[in-house]
Amino acid sequence: MTALRIAVVGCGPRGLSAVERVSAYAHSASDRPVELTVVEPGVPGVGIHHTDQPDYLLLNTVAGQLTIFSDEAMVPDAPVTAGPDLFRWCRERGVTVPTPAGPRGIRFDDFLPRRLLGEYLTWAAGELLATLPANVRLDLRRRVATAVEPAGAGARVTLDDRTELVVDLVIVTTGHGVAAEPGATTDPAWIGDPYPLPSSLDGVGPAMTVGVLGAGLTGMDVVAALTVGRGGRHERGRYLPSGREPRIVLVNRTGWLPAARPRLPRSRVPSVARHLTRDAVAELRARAEHGRIDLWRDIEPLVLADVEHGLDAAGRRTVRRLLGPSGTWDDHAEWRGQVLEQARYDLGEAERGLGESPLKDRLELLRDHRETLRRVVDEPGLTDSGHRDFFRVFTAMVNRAVIGPQRERIAEVLALAEAGVLDLGPGPAPGQVRTATGWELRSTALKQPMVTEVDVLVSANLGQPAAGPLLGWARPGRGAGELDLTRDGYLRTPAGSVTAVAVFGPPAEGASYYNHYVPSPGVWSRALTDLDRVLANRMAPIR
């Protein structure tokens, strides 16, 4: 029997999931030989989760919701590969976390250091690659892929040593490894890419003022590196400076800090959607011209109706601040006071947690029913303007509401503001003007104008990763840098024909929505199911 030739280009977490799915299907169809080529110049499985990162750089998903293996709930009626999730793996190895009372064993809802996920992924990659079924022949290429293109009924992968691999199927999972825009710059007052931390900030001295553009997860990483990463300590709600910190000015587009991640009970039941349902989306699509829905007229009202359901005035005000447009304020003092007051209120709700806080339960609907939002984007999708706004505006709103920093990070920002180490910039979305000595941040939403001077700006709004020159022949999608993919993940040529190149993870974002997460055990996984849509048609499914 002719061997099925599959190449996985980029073996971070999503590439490792692709290897797991190939292995699972090969186990269930042991009479079909498979030649599996994995192209990965780094440590297989790790991706951006480097094991030498400092412990203050935390995951934004709890320990019990991360796995690289599969189970029947994740991929119903498909073959699976049993193995421990991150939580169980850490418990088996006696991993502890520090607390004021001393180290303790990890809990299901702990946000662990990012390096631990890297260690888990390294171990999982070793297990998966060492236990491939006998009908799979592995070829691990520690090279960089420079081009992927169609070749007849299959595809060709060109490596940086000019080797060409011709295969039946290429799965591109380059993850965050290929940036949409290079962060390198010759301007000493501009740091376009803050990673790797903390070395990217070595030029920021304690006598300087640094502006951090972005208050999301990356911005919180930068703030942590400039504070606890320089010897400062958070104790009982207070920040004790080391004297090595610069003055930090935190800036973002909306002006409001993102919502803190709530406490997560292990047995939580997902929230119920009353308006944002699959049936509602199907009805809207049936009435829309060419089946393409209007984002603001059709979808936003459903989202707000569901999220605001049953909330009191304070909860509804919080929702509107997180999911609505920015406003205007009289002066910096008024704006700063409202932002900090809002952050304290939200942090209190996050401490109450899911199941106790009505606000957090309603916001969590945007995570619980993410698949419904994916169906809004899936072909035929939204209108052209709605599609652009979904990925440029709407997803940022959702991220602020439910994919924000850990509770500890928001508490640390409040403590840093109280200690005078950190302040909020001159209102939302300030203008940025380069000067001879640094930058001026000029208010745009304050009736009484304000200018803040900083020595260095750090961009903590990272661009969406892209496949870049790797797929330079591909037809673009409807958004900037977006690929034209079928619902099954296959790439179309400029002429519109479907190729044997499938793209998953961050480079596919825009053609689909939020497809780049590490899967969670015990719940249905869109990420693995999408991979199965490609593999099940080429590898005999389980009987």
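**Entry 1: cavities**

I began with the enclosed spaces of this predicted model, and by the rule I used the count came to 3 cavities of 30 Å³ or more. I looked up the largest cavity, and about 70 Å³ of space lies in it. Its lining is made by W256, L257, P258, A259, T318, L322, V339, Q342, A343, D346 and I410. I then asked myself which elements give two or more residues to this lining, and I found that they are α7, covering 313-323, and α8, covering 332-352. Of these, α8 supplies the largest share of the lining, with 4 residues. When I sorted the lining of the largest cavity by residue class, I wrote down 8 nonpolar, 2 polar and 1 charged.

I turned next to the second largest cavity, for which I noted a volume of about 60 Å³. The residues that line it are A215, L250, V251, N252, G255, W256, L257, W335, V339, L424 and G427. I noticed that W256, L257 and V339 are among the residues written down for both linings. Here at least two residues come from each of β14 (247-251) and α8. I sorted this lining of the second largest cavity as well, and it divides into 8 nonpolar, 3 polar and no charged residues.

**Entry 2: an open pocket**

I left the cavities and looked at the second largest pocket, in which about 1200 Å³ of space lies. Its lining has 33 residues, and I marked P98, T99, P100, E408 and E412 as those that lie nearest its centre. Two or more residues of the lining are given by each of β3 (96-97), α3 (114-130), β12 (233-235) and α13. Which element gives the most to the lining of this pocket? I found that α13 does, with 6 residues. The classes in the lining of the second largest pocket are 13 nonpolar, 4 polar and 16 charged.

**Entry 3: helices α4 and α13**

Having met α13 at the pocket, I looked up how it packs against another helix. Two packed helices are described by the angle between their axes and the distance between the axes. For helix α4 (residues 217-226) and helix α13 (residues 407-419) I noted an angle of about 55°, with the axes 11 Å apart. Because of that angle, α4 is oblique to α13. I also recorded that the crossing of α4 and α13 is left-handed. On the side of α4 the contact is made by M220, V223 and A224, while α13 brings R409, I410, V413 and L416. I recognised I410 from my notes on the largest cavity, which it helps to line. The contact of α4 with α13 divides into 6 nonpolar residues, no polar ones and 1 charged.

**Entry 4: helices α6 and α12**

My last pair was helix α6 (residues 295-307) and helix α12 (residues 384-402), which pack at an angle of about 25° with their axes 11 Å apart. Are these two helices roughly parallel or oblique to each other? Angles under 35 degrees count as roughly parallel, and α6 and α12 are therefore roughly parallel to each other. I noted that α6 passes α12 in a right-handed crossing. The residues that make the contact are L295, W296 and V303 of α6, together with G386, D389, F390, V393, F394 and M397 of α12. I closed the entry by sorting the contact of α6 with α12, which has 7 nonpolar residues, 1 polar and 1 charged.

Conventions: Residues are numbered from 1 along each chain as its sequence is written. This is a predicted model: local features need pLDDT of at least 70, side-chain atom pairs count only at pLDDT 80 or more; totals for chains, interfaces and linings use all residues. Side-chain values use heavy atoms; hydrogens and water are left out. On a 1 Å grid over the protein atoms alone, a cavity is a set of points where a 1.4 Å probe fits but cannot get out, and a pocket is an open set with protein on both sides within 12 Å along at least five of seven lines; lining residues have an atom within 4 Å of a point. Grid points are joined across faces, edges and corners, and a volume is the space filled by probe spheres set on the points. Ala, Val, Leu, Ile, Met, Phe, Trp, Tyr, Cys and Pro count as nonpolar, Asp, Glu, Lys and Arg as charged, and the others, Gly among them, as polar. Axes are lines fitted to C-alpha atoms, for helices over the stretch in contact, and angles run from 0 to 180 degrees between N-to-C directions. Angles under 35 degrees count as roughly parallel, over 145 as roughly antiparallel, 65 to 115 as roughly perpendicular and the rest as oblique. A crossing is left-handed if the near helix is turned anticlockwise from the far one by less than a right angle, and right-handed if clockwise. Contact means heavy atoms within 4.5 Å.
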